[in-house]
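User: I'm new to this one, and I'd like a close look at a single part of it before I try to take in the rest. Here is what I have open.

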Amino acid sequence: MTIKILSVIFIGLASGLMVGAGFVAFLTVLGIIPRLTQLSKSIRMIHLYEWAVVIGVLVGVFASLRDPALHISAYFLIPLGLTGGVFVGMLAAGLTEVVNVFPILTKRIRLDGQIIILIMAIVLGKIFGSIFQWLYFIQH
């Protein structure tokens, strides 16, 4: 029984270290935080951005391990959801900017010079897909 517990602890710690190292490598290699501070003209507050990521990861890990039930107003969930959406959107935008996904994709699907159509299709698809998932799967 002790070997089973120790092996679960070891696998859990090793998995967490791998995911954490991958996340840090993702943020570091792509330069997400410095680019975000450069675009928002808030380079003086780069330490706050870094601490926000660290605290966000720790809260996320705690929430995923404990599965807390928050008894809060639905009106508080609206800005919370918007904040989460902005984070995911900015992370995806930073990734696509660094990798130059949109220019390559527009050339491949022959939409040269009409990149706005591609971006709007992606944005509207994400919005309608999220609304559908939220309304359908949350209610059923």
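Where does lysine 41 lie? Please walk me through that spot, and then show me how the rest of the chain looks around it.

Analyst: Lysine 41 sits in the loop that runs between H2 and helix H3 (46-66). A quick word on what you're looking at: this is a predicted model, where local features need pLDDT of at least 70 and side-chain atom pairs count only at pLDDT 80 or more, while totals for chains, interfaces and linings use all residues. Residues are numbered from 1 along each chain as its sequence is written, and side-chain values use heavy atoms, with hydrogens and water left out.

Now the loop itself. Lysine 41 comes just after H2 and takes a positive phi of about 55°. Most residues other than glycine have a negative phi. Here, though, the positive value, near 55°, belongs to a residue that isn't glycine. Lysine 41 counts as exposed, because its relative accessibility is 72% (exposed means over 50% relative accessible area, buried under 20%, and partly exposed in between, with a 1.4 Å probe and protein chains only).

Step back from the loop into H2 and you meet threonine 37, since this helix covers residues 32-39. Helices here are DSSP runs of H or I with at least four residues, strands are runs of E with at least two, and both are numbered from the N terminus. Threonine 37 is buried, because its relative accessible area is 0%. Apart from its neighbours within four places in sequence, threonine 37 is in contact (heavy atoms within 4.5 Å) with Ser42, Ile43, Ile46 and Tyr49. One of those partners, Ile46, falls in H3, which spans 46-66.

Threonine 37 has company inside H2: Ile32, Ile33 and Thr37 are buried. Looking down the axis of H2, these buried residues fall within an arc of 130°, so they line one face of the helix; the arc is that of the directions from the helix axis to the C-beta atoms. Turn to the other side of H2 and you find Gln38 and Leu39 exposed.

Ile32 also links H2 to what comes before. Phenylalanine 26, which is placed in helix H1 (residues 2-30), touches Ile32, Leu91 and Leu95, leaving out residues up to four places away in sequence. From phenylalanine 26 to leucine 95 is 69 residues in sequence, yet 9.2 Å in space from C-alpha to C-alpha. Phenylalanine 26 counts as partly exposed because its relative accessibility is 26%.

Further along, glycine 81 belongs to helix H4 (residues 74-99) and is partly exposed at 45% relative accessibility. Glycine 81 and glutamine 114 are separated by 33 residues in sequence and by 31 Å in space, C-alpha to C-alpha. Then there's isoleucine 119 in helix H6 (residues 115-139), partly exposed at 28% relative accessibility. Isoleucine 119 and threonine 106 are 13 residues apart in sequence, with 9.9 Å between their C-alpha atoms.

Now zoom out. The protein chain has 6 helices and 0 strands. Its radius of gyration is 19 Å, well over the 14 Å that the globule rule gives for 140 residues, so the chain is more spread out than a compact globule. That radius is taken over C-alpha atoms, and the rule is 2.2 Å times the number of residues to the power 0.38. Along its principal axes, the C-alpha trace spans about 65 × 40 × 35 Å.

Of the 140 residues, 9% count as buried. Among contacts between residues at least 6 apart in sequence, 37% join residues at least 24 apart. The chain exposes about 11800 Å², and carbon and sulfur atoms supply 75% of that area, worked out by the Shrake-Rupley method with a 1.4 Å probe.
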